[in-house]
Amino acid sequence: MSAAYDNALDVIAEVEPAVAGAIRGELADQRASLKLIASENYASPAVLLTMGTWLSDKYAEGTIGHRFYAGCQNIDTVERLAADHATALFGAQHAYVQPHSGIDANLVAFWGILAQRVEAPALAAAGARHVNDLSEDDWERLRRAFGEQRALGMSLDAGGHLTHGFRPNISGKMFHQRSYGTDPNTGLLDYAALRDMAREFRPLVLIAGYSAYPRRINFAIMREIADEVGATLMVDMAHFAGLVAGKVFTGEHDPIPYAHVTTTTTHKSLRGPRGGMVLCQREFADSIDRGCPMVLGGPLGHVMAAKAVALAEARRPAFADYAQAVADNAIALADGLLRRGARLVTGGTDNHLVLLDVTPYGLTGRQAESALLDAGIVTNRNSIPRDPNGAWYTSGVRIGTPALTTRGFGPAEFDRVAELIVGVLSATSPGAGADGRPSPARFELPENVADKTRAAAAELLTAHPLYPGLDLG
Ligand SMILES: *Cc1c(COP(=O)(O)O)cnc(C)c1O
């Protein structure tokens, strides 16, 4: 494998040495830091190598066996493989593996739902089979109807995602949106309040899923609420797809049997290439398959092939062990933090992440994130419910276990990570800006604490090498 990469990098360096340098630099950086970003992972060499191929050079708009271009037989093969692995792995009725990212998968899902629930009835009412057959008046009426639809999703500061109907994202411009939050006392999803809100708001789409909520969701209740108000249930499992694939989330916590449409990324806990995917129930399959060219550019053959490889990996028993370890490690991390006096949103975790409230240390999320980074610990700042510091500086740090679990970290290592994190945050104080006034971005961390932490992190990382056997010359 080392020779494969060395040779490839030589080929790249002949054209643009700076890019070869950045590729080498990225490996060195990934190897040298405690990566606790909850949305990141390390894909296998097989997944990575699959992407560096001529499958990238083929245009294949359309769907399997029904392309707008000739000569797509190999793209058909890899797309079919990826879709088959996905339906088998998740027990889904249909899989659409073309989306280039999680955001794109959500856009495909939204327009698939709109096609199914708004466009199809309008076509039927007008006796038309295709939008091109509508009169100008009927078309204008349909265009307005698209803009009148409602979506209900989890609020951002409770852990929801921008693409769940928030204004900076196109979803917020498409839909009238409201959001549900968490119980102020427990920090847990408040299903009763959500049900009341759904009854009153009557959304077309009920969205469940999160980027920064440390707990499981009961999708049986979500579906019940959706059915009661006539909504389509869309679950965005971008963050926790690996836990679904690895059967850590089963029964009511597995979204697939309950959601009409489920979207995901493939590069987070699922450990595949950067990309997205939509899984859906049969009735939505045709609408979802219209993703390209409705909202997506031409499919990425090399990435769909890498999805097939990653999904094949995820179907092996070792992946279920990995997923269970991700969850076990999150509990070890949470316990380690709590035992050392930290405050966690919801008091713990039952997925792959914890949300640490850093206000007890007198810090903003931004200060905590920067201090930890200084000490070799990579996390990201994140809002906490009803955040006093707003969405930019925030009051929390999100810490996830998928990446370091891939490196082989276990509960003992995560307990040590908890110790290092609390050590750094306890030693950090807010700093002042150039004008001498307190700044929500500046911090002071004694040099010796940063040094000691970096050394301890290096020891953990050396004991659990990333891509063992890969040695670049
Ligand atoms: C990460 C994430 C996305 C976006 O994924 P991209 O691949 O970055 O577009 C969408 N939804 C949720 C819930 C996410 O966590």
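Select R141 and D138, which are 3 residues apart in helix α6 and therefore separated by about one helical turn. Helices here are DSSP runs of H or I with at least four residues, strands are runs of E with at least two, and both are numbered from the N terminus. The two side chains meet in a salt bridge, 2.9 Å from N to O. A salt bridge is a side-chain nitrogen of Lys or Arg within 4 Å of a carboxyl oxygen of Asp or Glu. R141 has 48% relative accessibility and counts as partly exposed; D138, at 25%, also counts as partly exposed. Buried means under 20% relative accessible area, exposed means over 50%, and partly exposed lies in between (1.4 Å probe, protein chains only).

This is a predicted model, in which local features need pLDDT of at least 70, side-chain atom pairs count only at pLDDT 80 or more, and totals for chains, interfaces and linings use all residues. Residues are numbered from 1 along each chain as its sequence is written, and side-chain values use heavy atoms, with hydrogens and water left out.

**More salt bridges**

Next, select D415 and R340, whose side chains meet in a salt bridge at 3.2 Å, N to O. D415 is in helix α18 (residues 411-427) and R340 is in the loop between α14 (317-339) and β11 (343-344), so the pair ties together parts that are 75 residues apart in sequence. R340 counts as partly exposed, at 27% relative accessibility.

Then select R195, D196, R199, E224 and E228, which are joined into one network by salt bridges that share partners. The count of salt bridges comes to 21.

Another pair to pick is E40 and K35, a salt bridge with its closest N and O atoms 3.2 Å apart. Are its two ends buried or exposed, or partly exposed? E40 is partly exposed, with a relative accessible area of 32%, while K35 counts as buried at 7%.

**From K35 to L404**

K35 is also one of the residues touched by L404. Select L404, in helix α17 (residues 402-406). L404 counts as buried, with 0% relative accessibility. Leaving out residues up to four places away in sequence, L404 touches L34, K35, L36, Y42, F409, F414 and L461; contact means heavy atoms within 4.5 Å. For a distance across the model, add D76: L404 and D76 are 328 residues apart in sequence and 35 Å apart in space, C-alpha to C-alpha.

**Domains and cores**

Colour residues 54-314 as domain 1 and residues 318-463 as domain 2. These bounds come from an automatic or database domain assignment. The C-alpha centres of the two domains lie 31 Å apart, and 28 residues of domain 1 are in contact with 27 residues of domain 2.

Which residues touch the most other members of the largest nonpolar core? Select F90, L206, M222 and L270, out of the 57 residues in this core. A nonpolar core is a set of buried Ala, Val, Leu, Ile, Met, Phe, Trp, Tyr and Cys residues joined through side-chain atoms within 4.5 Å. Helix α4 (residues 73-90) gives the most to the largest core, with 7 residues. Domain 1 and domain 2 both give residues to this core, so it lies between them.

Zoom in on L270. Apart from neighbours within four places in sequence, its contacts are L89, F90, A241, G242, A245, T265, M277, L311, A314 and F319. A second, separate core has 43 residues, including L34, L333, L356 and L466.

**Last stops**

Select T453 in helix α19 (residues 447-463). T453 counts as buried, at 5% relative accessibility. Beyond residues up to four places away in sequence, T453 touches A375, I377, L420 and V424.

Move to V131, in the loop between α5 (102-126) and α6 (136-147). V131 counts as partly exposed, at 24% relative accessibility. Its contacts, with residues up to four places away in sequence set aside, are E119, L123, W139 and L142. V131 and E119 are 12 residues apart along the chain, and their C-alpha atoms are separated by 8.3 Å.

Finish with I23, in helix α2 (residues 17-32). I23 is partly exposed, with a relative accessible area of 39%. Add I12 and V19, which with I23 make a nonpolar surface patch of about 210 Å². Patches are made of residues with over 30% relative accessible area and no salt bridge, with like charges joined within 9 Å and nonpolar side chains (Val, Leu, Ile, Met, Phe, Trp, Tyr) within 5 Å. Accessible areas come from the Shrake-Rupley method with a 1.4 Å probe; for residues, only the protein chains shown count as cover.
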